[in-house]
Amino acid sequence: MNTLRSVLGLACVAVWTVFGAAQAPARAGGVLYRVSFPAPEHHYAQVEVTFPDVPPGALEARMSRSSPGRYALHEFSKNVFDLEAFDGKGRKLALDRPSPYQWNVSGHDGTVRIVYKVYGDHVDGTYLAIDTTHAHMNIPATLMWARGFEPRAARITFVPPPSLGWTPATQLFPTDDAWTFTAPNMQYLMDSPTELSAQTVRSFKVRNPDGKELTIRAAVHHDATEAAIDEYVAGAEKIVREQGAVFGEFPEFDTGTYTFLGDYVPWGGGDGMEHRNSTVVASPVSLRGEGAVLDVLDTVSHEFFHAWNVERIRPASLEPFNFEEANISGELWLAEGFTQYYGTLTMVRTGLSSIPEAIGSFSRTANAVTNGNGRRFRSAVDMSRMAAFTDAARSVDRTNTANTFISYYTHGAAIALGLDLSLRDRSNGKTSLDDYMRALWRAHGKPGGPQPGLVARPYTLKDARDRLAEVAGDRAFADSFFDKFIEGQEAVDYRPLLARAGYLWRKTNPGAAWLGTAAFDRGGAGTIANLVEWGSPLHAAGLNQGDTILELDGRPAASGSALQAVLKAHKPGDRIAVAFRRRNGATGTATIVLAENPSMEAVAIESTAGTLTSEQKQFRASWLGSRLPAR
Ligand SMILES: [Zn+2]
């Protein structure tokens with residue numbers, strides 16, 4: 001750990017020199033933060049922020065409304081209290097509130113110091129959580145900033161509570177003082193979650209083809225044994241190396257180090273949130289539990305892939321990130337969905353999960369999109385643009401997104417599966433999605449940016465299409481794939497593609513009668529609790545959420561098992577009578593025309609009467625096997 005600190009110190013000095021020289025004439029004084037925790041048991045931080053060289057006029061200080069990697073609004077200003085502002089001589093300044101997120105400070109002398117408390121008791125990748133075991137800080141939820149100061153550097157000193165044994169972990173740039181860090185600009189500062197706790201820190205090195213060595217660090221706040229942390233770090237290392245093999249190299253992390261900020265305590269929360277040189281990976285579990293380490297590595301796998309895909313291979317729609325509004329992107333099917341696919345693929349390639357587990361996951365994903373009603377109304381691009389309403393968003397009113405939306409995680413992962421198999425199919429295994437990711441990396445990620453935190457060549461939807469045309473060597477294929485499955489509303493036909501790997505894509509319950517999903521309320525017997533699938537037999541008969549089924553096929557059907565018994569007695573195409581009552585008490589009858597259960601699944605050919613051919617075996621191995629050279 002000592003050697004690590006000195007390496008980071010050197011990297012830091014180099015970066016400051018470069019930016020100091022490049023921007024010296026225009027660069028005004030950096031923003032200074034001091035963050036302390038006078039009473040962690042009351043879950044708040046005491047923050048002092050000093051803005052120097054403030055231009056004449058009111059300073060517009062703001063709390064963020066959004067956070068990188070999150071697409072809904074989170075309104076962090078709601079937790080700010082006890083706020084005061086002072087000038088450089090310590091005189092109290094007048095405050096105005098032009099909006100719920102902004103404090104205007106006027107009458108200053110070129111320096112404004114704002115002092116406030118901010119409450120936080122929610123462990124995840126978005127919010128702030130302070131208790132006597134840690135300060136788990138997402139920076140937009142914690143630190144105020146000011147309009148016009150975005151290009152300025154920041155210097156942050158954390159003051160831990162005495163005698164709790166906390167240490168800091170963050171992607172912020174270290175300084176000679178262990179508790180003081182810097183950020184070259186506001187984008188980088190906001191992107192740098194910080195964990196202060198009595199955490200276990202482990203690290204290992206990876207080397208790029210150009211010889212450059214990078215440090216991967218795991219800082220884990222946990223209540224488990226050292227052996228559990230050994231297992232966790234060993235798993236993370238397998239994931240890191242396997243994903244490095246997809247791209248052929250690691251990103252040059254801005255401080256030379258990438259940090260997993262692991263938070264695994266039963267009193268915590270669950271999440272994974274990507275950042276440029278770190279990720280928050282949290283789960284409300286103890287790693288002492290049987291199988292717990294393997295369970296949490298899934299998120300580790302997803303998040304590390306983001307170090308390339310979204311942090312550096314970045315949609316132009318998210319660059320730079322807007323902290324004042326919800327951010328809209330039509331590319332989350334690629335940024336999140338492809339990452340989801342690679343998260344699963346990496347787990348099986350490393351052997352951390354089994355082939356049946358991976359195929360089960362791909363199968364559920366492909367089924368969700370094949371049968372997803374959202375495609376009736378939206379393309380994968382449109383789904384992505386819904387993120388502000390679906391990504392950890394809350395609404396008071398009921399929505400019908402179950403019928404009009406498919407998560408871009410699921411939708412994008414299903415597209416990735418279809419594209420990976422299509423590329424392998426048409427090239428006889430010579431080209432794969434790995435090549436597409438590498439092409440995106442070379443064109444859009446590797447060129448880097450003018451400063452840490454900024455991406456110089458983010459991609460547009462057209463760029464993503466053009467890279468596919470290049471990788472496939474076939475413009476017509478790329479256009480057709482994008483037109484149908486990404487900008488259009490069709491689903492990939494998985495049957496011939498999965499067959500290449502020796503999997504049958506077939507009906508899960510062939511010949512079974514189906515009317516849609518009717519999950520019954522526990523309180524009211526026969527009352528439909530869920531939004532009924534658009535176009536399903538129940539939906540076509542005019543039944544939906546809140547309606548009560550009184551009789552089905554002349555029998556009472558107030559429970560799931562009674563309903564199943566009716567379906568078992570029929571076949572697709574049969575017409576059955578339903579008697580129902582609306583919420584307002586009105587009753588009625590209708591005819592339901594039963595359909596075949598549309599659910600699909602992938603089944604290994606060798607588990608049926610079929611035989612796995614050597615070509616299929618080879619196709620499967622090159623798809624699901626490790627890309628690392630055998631050691
Ligand atoms: Zn993600």
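This is a short conversation about how some features of this predicted model get their labels.

Reader: What should I keep in mind about the model before we start?

Author: It is a predicted model, so local features need pLDDT of at least 70 and side-chain atom pairs count only at pLDDT 80 or more, while totals for chains, interfaces and linings use all residues. Residues are numbered from 1 along each chain as its sequence is written, and side-chain values use heavy atoms, with hydrogens and water left out.

Reader: What makes an atom a donor of the zinc ion here?

Author: A donor is an N, O or S atom within 2.8 Å of the metal (3.2 Å for Na, K and Ca), and because water is not among the atoms, sites may look incomplete. His302 (NE2), His306 (NE2) and Glu336 (OE, listed twice) lie 2.0 to 2.8 Å from the zinc ion, and these are its protein donors. Along the chain they follow the spacing H-x3-H-x29-E. His306 sits in the loop between α4 (292-305) and α5 (332-349) and Glu336 in helix α5, 30 residues apart, so this pair links distant parts of the chain. Helices here are DSSP runs of H or I with at least four residues, strands are E runs of at least two, and both are numbered from the N terminus.

Reader: Why is the arrangement around the zinc ion called irregular?

Author: Four donors count as tetrahedral if all angles lie between 85 and 135 degrees; four count as square planar and six as octahedral if opposite donors are over 155 degrees apart and all others between 65 and 115; anything else is irregular. The four donor atoms here subtend angles of 51 to 152°, and that makes the arrangement irregular.

Reader: Why does Glu249 count as buried?

Author: Buried means under 20% relative accessible area, exposed means over 50%, and partly exposed is in between (1.4 Å probe, protein chains only). Glu249 has 15% relative accessibility, so it counts as buried. You'll find Glu249 in the loop between α3 (226-247) and β18 (257-264). Back at the zinc ion, both His306 and Glu336 are buried too.

Reader: And what makes Ala392 partly exposed?

Author: Ala392 comes in at 46% relative accessibility, so partly exposed is its label. Ala392 is in the loop between α8 (387-390) and α9 (401-404), and its phi is near 55°, a positive value in a residue other than glycine. Asp553 also has phi near 55°, and at 28% relative accessibility it counts as partly exposed. Its place is the loop between β23 (548-552) and β24 (555-556).

Reader: Why is strand β20 described as largely enclosed?

Author: Five of the five residues of β20 (residues 278-282) are buried, so the rest of the structure largely encloses the strand. Ser278, Val280 and Ala282 point one way from β20, and Thr279 and Val281 the other way.

Reader: How do you know which strands β20 pairs with?

Author: Two strands pair if DSSP finds at least two bridges between them. β18 and β20 have five bridges, in the parallel sense, and β19 (residues 271-274) has four with β20, in the antiparallel sense. Val281 takes part on both sides: Gly262 is its bridge partner, and Gly272 stands opposite it. β19 and β20 form a hairpin with three residues between them.

Reader: What makes β4 and β13 edge strands?

Author: They belong to an open sheet of seven strands with mixed pairing, in the order β4-β7-β2-β1-β11-β14-β13. β4 (80-86) and β13 (173-174) each pair on one side only. For β13, the partner β14 (residues 180-183) is antiparallel over two bridges, and Phe173 stands opposite Thr182.

Reader: What separates the largest cavity from the largest pocket?

Author: On a 1 Å grid over the protein atoms alone, a cavity is a set of points where a 1.4 Å probe fits but cannot get out, while a pocket is an open set with protein on both sides within 12 Å along at least five of seven lines; lining residues have an atom within 4 Å of a point. The largest cavity holds about 150 Å³, and 16 residues line it, with Pro68, Gln187, Asp191, Glu311 and Arg314 closest to its centre. The largest pocket has a volume of about 480 Å³. Its lining has 21 residues, and Asp298, Thr344, Met347, Glu357 and Ser361 lie nearest its centre. Helix α6 gives the largest share of that lining, six residues. Volumes here are the space filled by probe spheres set on the points, with grid points joined across faces, edges and corners.
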